[in-house]
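Biologist: Could you take me through one part of this model at close range, and tell me how it is built and what packs around it? I would like a connected account rather than a list.

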Amino acid sequence: MQEELAELLVPSADGTAEPSLFYAAGAHRPLLVGLHTWSYDRFNQVDNLLPLAKKNGWNLLLPEFRGPNLPENPRCREACGSRLARQDVLDAVSYVTSHFDIDERNILLFGASGGGHMALLLAAAEPTLWRAVAAVVPIADLSAWRTESPAYAAAVEACCGGDEAEYRDRSPITYIDELAKANVKIFSGKWDTVVPFAEGLTLYEKLVAAHPEAHAYFEVFDGRHEMRVADAERFFKDEMTAAADLVSVTG
């Protein structure tokens, strides 16, 4: 399937050219932005998201955003939700919307696990850019998660340099007020031992406590650390048709 994807090199904030993969669905179609998981790169979601994009007639953008959140990545300090990585994704979206005929009212964002972490950071960074954001089994608080999942502690510390200020800056839970302006749904697995469902639940509870008016949703599913692409697809379709289908109930 990779032959159906074009490789784009997008100028970044630090002067480098950052790679993304792009599938063009046709004129004025929605754009699905898919984020790779914690330990992988832009190719990680091709098999999951390209069939989804083709089925629905959506454009697909798979950005790199500095690669895996692992010590072996020579740019790991620039990965893991850094401000530079966040800007890479926003720059890639800007590039495709300026070079292709995209329905900019319907830009969808999907990420799972480390990609879910990044999806929440991007929802906070540009809350009105996204028609809907699906964050599946996301990490919400890096400082808490590195103690909850010690297998990932060394990677978190390598990416953030062991700096508490960096943990906070790269944690979605820091951005409650900004997230409240986005349309976000969090999906967490009841039996997830990699990212405990309390990560997503705690973020959601804090968000709606501070902003009960927010378009924020939480679903705990009967499963473990899973991709849940079909659940995200249903959410996206519901949100894209919500305005047209909205009917008030009276009586």
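Modeller: Happy to! Let me begin with one cut-off: a residue counts as buried when its relative accessible area is under 20%, as exposed when it is over 50%, and as partly exposed in between. By that rule Trp 145, at 1% relative accessibility, is buried. Please keep in mind that this is a predicted model.

The part I would zoom in on is the sheet. Its 8 strands form an open sheet with mixed pairing, in the order 1-2-4-3-5-6-7-8. Strand 1 (6-11) and strand 8 (215-221) are the edge strands, each pairing on one side only. From one strand to the next, the twist averages 20°.

Let us start at the strand 1 edge. Strand 1 and strand 2 run antiparallel and are joined by 6 bridges; Leu 8, for example, has Ser 20 in strand 2 as its bridge partner. The two strands make a hairpin with 5 residues between them, and Gly 15 in the turn has a positive phi of about 90°.

Further in, strand 3 (residues 29-35) and strand 4 (residues 59-63) run parallel, with 3 bridges between them. Here Leu 32 stands opposite Leu 60 in strand 4. Strand 4 also holds Asn 59, which counts as buried because its relative accessibility is 2%. What does Asn 59 touch, leaving aside its neighbours within four places in sequence? Its contacts are Phe 22, Tyr 23, Ala 24, Ala 25, Gly 26, Arg 29, Pro 30, Leu 31, Leu 32, Asp 101 and Ile 102. Leu 32 therefore turns up twice in this story: it is a contact of Asn 59 and it stands opposite Leu 60, while a regular strand sends its side chains alternately to the two faces of the sheet.

Now for the helices on the sheet. Helix 1 (residues 46-56) lies across strand 2 (17-23), strand 3, strand 4 and strand 5 (102-112), and runs at about 160° to strand 4. Towards the other edge, helix 8 (residues 198-210) lies across strand 7 (183-189) and strand 8, at about 150° to strand 8.

Following the chain out of strand 4 leads to a backbone detail. Arg 66 is in the loop between strand 4 and helix 2 (83-99), and its phi is near 75°, a positive value in a residue other than glycine. Most residues other than glycine have a negative phi. Arg 66 is also buried, with a relative accessible area of 1%. Val 137 is a second case, with a positive phi of about 40° although it is not a glycine. Val 137 belongs to the loop between strand 6 (132-136) and helix 4 (142-148), and at 2% relative accessibility Val 137 is buried as well.

The rings come next. There are 8 aromatic pairs in the structure. In one of them, the centres of the Trp 58 and Phe 236 rings are 6.3 Å apart and the planes meet at 75°, so the pair is edge-to-face. This pair links distant parts of the chain: Trp 58 sits in the loop between helix 1 and strand 4, and Phe 236 in helix 9 (residues 229-245), 178 residues apart. Both residues of this pair, Trp 58 and Phe 236, are buried. Compare Trp 145 and Tyr 152, whose ring centres are 4.9 Å apart with planes at 35°, so the pair is tilted. Tyr 152 is partly exposed, at 27% relative accessibility, whereas Trp 145 is buried. Back at the first pair, Trp 58 and Phe 236 form one aromatic cluster with Tyr 217 and Phe 235. There is also a charge to note: the charged end of Arg 228 sits over the ring of Phe 221, 4.1 Å from its centre.

Finally, how many disulfides does the structure hold? The count is 0. Cys 80 has its closest cysteine sulfur in Cys 159, at 4.3 Å, which is too far for a bond; the cut-off for a disulfide is 2.5 Å. Both cysteines are nonetheless buried, Cys 80 with a relative accessible area of 1% and Cys 159 with 0%.

How values were computed. Residues are numbered from 1 along each chain as its sequence is written. This is a predicted model: local features need pLDDT of at least 70, side-chain atom pairs count only at pLDDT 80 or more; totals for chains, interfaces and linings use all residues. Side-chain values use heavy atoms; hydrogens and water are left out. Two strands pair if DSSP finds at least two bridges between them. Helices (H or I, at least four residues) and strands (E, at least two) are DSSP runs, numbered from the N terminus. Axes are lines fitted to C-alpha atoms, for helices over the stretch in contact, and angles run from 0 to 180 degrees between N-to-C directions. Contact means heavy atoms within 4.5 Å. Buried means under 20% relative accessible area, exposed over 50%, partly exposed in between (1.4 Å probe, protein chains only). Rings of Phe, Tyr and Trp (its six-membered ring) pair if their centres lie within 6.5 Å; planes under 30 degrees apart count as stacked, over 60 as edge-to-face and the rest as tilted. A charge sits over a ring if NZ of Lys or CZ of Arg is within 6 Å of the ring centre and within 35 degrees of the ring normal.
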